[in-house]
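Please open the model in your viewer, show the backbone as a cartoon, and keep a selection tool at hand. The stops below go from the sheet to its charged pairs and then to the nonpolar interior.

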Amino acid sequence: MPGNPRAPRERTPETPDPTSPVLQRARRGDIAVLERRRKAAYINVSDQPEREDAEYTVTVVASVTREGAVKAIRDLRWNDEAEPRPLGRIAGLEKVYVLPQAQVDMAAALAAARAHTYPGSDDPRPFSSMDDVRAALNPHRTPARRKDASR
């Protein structure tokens, strides 16, 4: 009799794991900051090479593995009814940074992410650096959980 049909399927190099590496155990409802790489290629411009930029999007964890890796996120910058998106379907994803919901005022942090918009528009835009994300979210960290700078 061949192997157990209920045994978990082994991952091979051809089937990469779509989840994030577990740098910090995540839980549903935590903030997940996605780091994505985007390439811009210019047509009919010989002196302008391809450009690669990083962008950072503040989202909420929708699903996790047993090990605590993020499997899916919700992008609540547009509306509160966003459907979960598996990480495997997000183009250019490099890293996922997790901020536990116990360490931040979730409503205020998401409002700060929604307020980061394109000039002259109501459309939310990604942050251009992790320092910008920290500057937007740090005022909304819960006081008891802030790391003391003097340590």
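Begin by colouring the strands of this predicted model, and you will find an open sheet of five strands in the order β4-β3-β2-β1-β5, with antiparallel pairing. The edge strands are β4, which covers residues 85-86, and β5, and each of them pairs on one side only. Add helix α2, residues 130-137, to the selection: this helix packs on the sheet, where it touches β1, β2 and β5, and its direction makes about 45° with that of β2.

Next, select β1, residues 31-40, together with β2, residues 51-64, which pair in the antiparallel sense over 10 bridges. On the other pairing, β1 and β5, residues 93-99, are joined in the antiparallel sense over six bridges. Leu34 is a convenient marker for both pairings, since its bridge partner in β2 is Thr57, while its bridge partner in β5 is Val96. One step along the chain, Glu35 stands opposite Tyr56 in β2.

Keep Glu35 selected and turn to the charged side chains, for which the model has a count of four salt bridges. Which side chain meets that of Glu35 in a salt bridge? The partner is Arg37, at 3.0 Å from N to O. Their surroundings can be read from the accessibilities: Glu35 counts as buried because its relative accessibility is 4%, whereas Arg37, at 33% relative accessibility, counts as partly exposed.

Now select Glu55 and Arg38, whose side chains meet in a salt bridge at 3.5 Å, N to O. This pair links distant parts of the chain, with Glu55 in strand β2 and Arg38 in strand β1, 17 residues apart. Here too the accessibilities can be compared by eye, as Glu55 is buried with a relative accessible area of 12%, and Arg38 is partly exposed with a relative accessible area of 43%. If you extend the selection to Arg36, you will have the network of salt bridges that links Arg36, Arg38 and Glu55.

Return to helix α2 and select Arg134 and Asp131, whose side chains meet in a salt bridge at 2.9 Å, N to O. Because Arg134 and Asp131 are three residues apart in helix α2, they are separated by about one helical turn. Asp131 is exposed, with a relative accessible area of 54%, and Arg134, at 43% relative accessibility, counts as partly exposed.

For the last stops, hide the charged side chains and look at the nonpolar ones. In soluble globular proteins, nonpolar side chains tend to be buried together. The largest nonpolar core in this model has 19 residues, and those with the most contacts inside it are Ile31, Val33, Tyr56, Val58, Val133 and Leu137. Strands β1 and β2 and helices α1 (106-115) and α2 each supply at least two residues of this core.

Centre the view on Tyr56 to see how this residue connects several parts of the chain: not counting residues up to four places away in sequence, Tyr56 touches Val33, Leu34, Glu35, Tyr97, Pro126, Phe127, Ser128, Ser129, Met130 and Val133. Finally, select Ala26, Ala32, Leu34 and Val70, which are included in a second, separate core of 10 residues. With Leu34 still highlighted, the tour ends on the residue that marked the strand pairings, where it faced Thr57 in β2 as bridge partner.

Methods
Residues numbered from 1 in each chain as written. Predicted model: local features only at pLDDT ≥ 70, side-chain atom pairs only at ≥ 80, totals over all residues. Heavy atoms only, no water. Pairing = 2+ DSSP bridges. Helix = DSSP H or I, 4+ residues; strand = E, 2+ residues; numbered from the N terminus. Contact = heavy atoms within 4.5 Å. Axes fitted to C-alpha atoms, helices over the stretch in contact; angles between N-to-C directions. Buried < 20%, exposed > 50% of the residue type's maximum accessible area, 1.4 Å probe, protein only. Core = buried A, V, L, I, M, F, W, Y, C linked by side-chain atoms within 4.5 Å.
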